[in-house]
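Reader: I'm new to reading protein models and would love a close look at one part of this one. Could you walk me through it slowly, explaining the terms as you go?
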Amino acid sequence: MEPINSSKAPEALGPYSHGMKVGQIFYSSGQIPLNLEGEIVSEDVQEQTKQVMVNVGHVLEAAGLGYGNVVKTTIFISDMNDFPLINEVYGSYFSGKLPARSCVEVSRLPKDVKVEIEVVASEANE
């Protein structure tokens, strides 16, 4: 197992890495809409989703991967009514082979953000 951390993504909020690579598989920790200074980028759910996806991209890059390597995503949202807006932004990051996905509404997310996304990626995917 190899821990993966990116200097381009905000620091982890606790005792965990941005992700773990096991063989050809990469498992990310959930990313929330923080900038490098650890501040929430906006209250707007689409701006939050964009920042989350940027952070996911940086973590994937640190693992030597990209969005095309993602095989599964899990999206956690605080309000299912925001799903169409989140989906619009999320979808702009993927083309071709689309990853499997789960989306669940939760009662609360870290720092009371509106969206958190984690991914599983494979070197063998592209």
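Which residue in strand 2 is the bridge partner of Ile4?

Author: The bridge partner of Ile4 in strand 2 is Gly19. Before we go on, a little background. Residues are numbered from 1 along each chain as its sequence is written. This is a predicted model, where local features need pLDDT of at least 70, side-chain atom pairs count only at pLDDT 80 or more, and totals for chains, interfaces and linings use all residues, while side-chain values use heavy atoms, with hydrogens and water left out.

Now, the vocabulary. Helices (H or I, at least four residues) and strands (E, at least two) are DSSP runs, numbered from the N terminus. Two strands pair if DSSP finds at least two bridges between them. Strand 1 and strand 2 manage that with 3 bridges, in the antiparallel sense.

Follow the chain from strand 1 towards strand 2 and you pass through the loop between them, where Ser6 sits. Ser6 has 10% relative accessibility, so it counts as buried (buried means under 20% relative accessible area, exposed over 50%, partly exposed in between, with a 1.4 Å probe and protein chains only). Leaving aside neighbours within four places in sequence, Ser6 is in contact (heavy atoms within 4.5 Å) with His18, His58, Val59 and Ala62.

Next comes strand 2 itself, and its side chains alternate: Gly19 and Lys21 point to one face and are buried, while Met20 and Val22 point to the other and are not. On its other pairing, strand 2 (residues 19-22) joins strand 3 (residues 25-28) in the antiparallel sense over 4 bridges. Lys21 stands opposite Phe26, and Val22 has Ile25 as its bridge partner. These two strands form a hairpin with 2 residues between them, and Gly23 in the turn has a positive phi of about 60°.

Let's zoom out to the sheet. It's an open one with 6 strands in the order 1-2-3-6-4-5, and the pairing is mixed. Strand 1 (2-4) and strand 5 (100-105) stand at the edges with a single partner strand each, so one side of each has no neighbour in the sheet. On average, neighbouring strands are turned by 15° against each other, direction ignored. (Axes are lines fitted to C-alpha atoms, for helices over the stretch in contact, and angles run from 0 to 180 degrees between N-to-C directions.)

Two helices pack on this sheet. Helix 1 (residues 45-62) touches strand 1, strand 3, strand 4 (70-77) and strand 6 (115-122), and its direction makes about 30° with that of strand 6. Helix 2 (residues 83-91) touches strand 4, strand 5 and strand 6, and its direction makes about 150° with that of strand 4.

In helix 2, Ile86, Val89 and Tyr90 are buried. Seen down the helix axis, the buried residues fall within an arc of 100°, so they line one face (the arc is that of the directions from the helix axis to the C-beta atoms). Their cover includes helix 1, strand 4, strand 5 and strand 6. The face turned away from that buried side carries the exposed Pro84 and Glu88.

Finally, helix 1 and helix 2 pack at an angle of about 35°, with their axes 9 Å apart.
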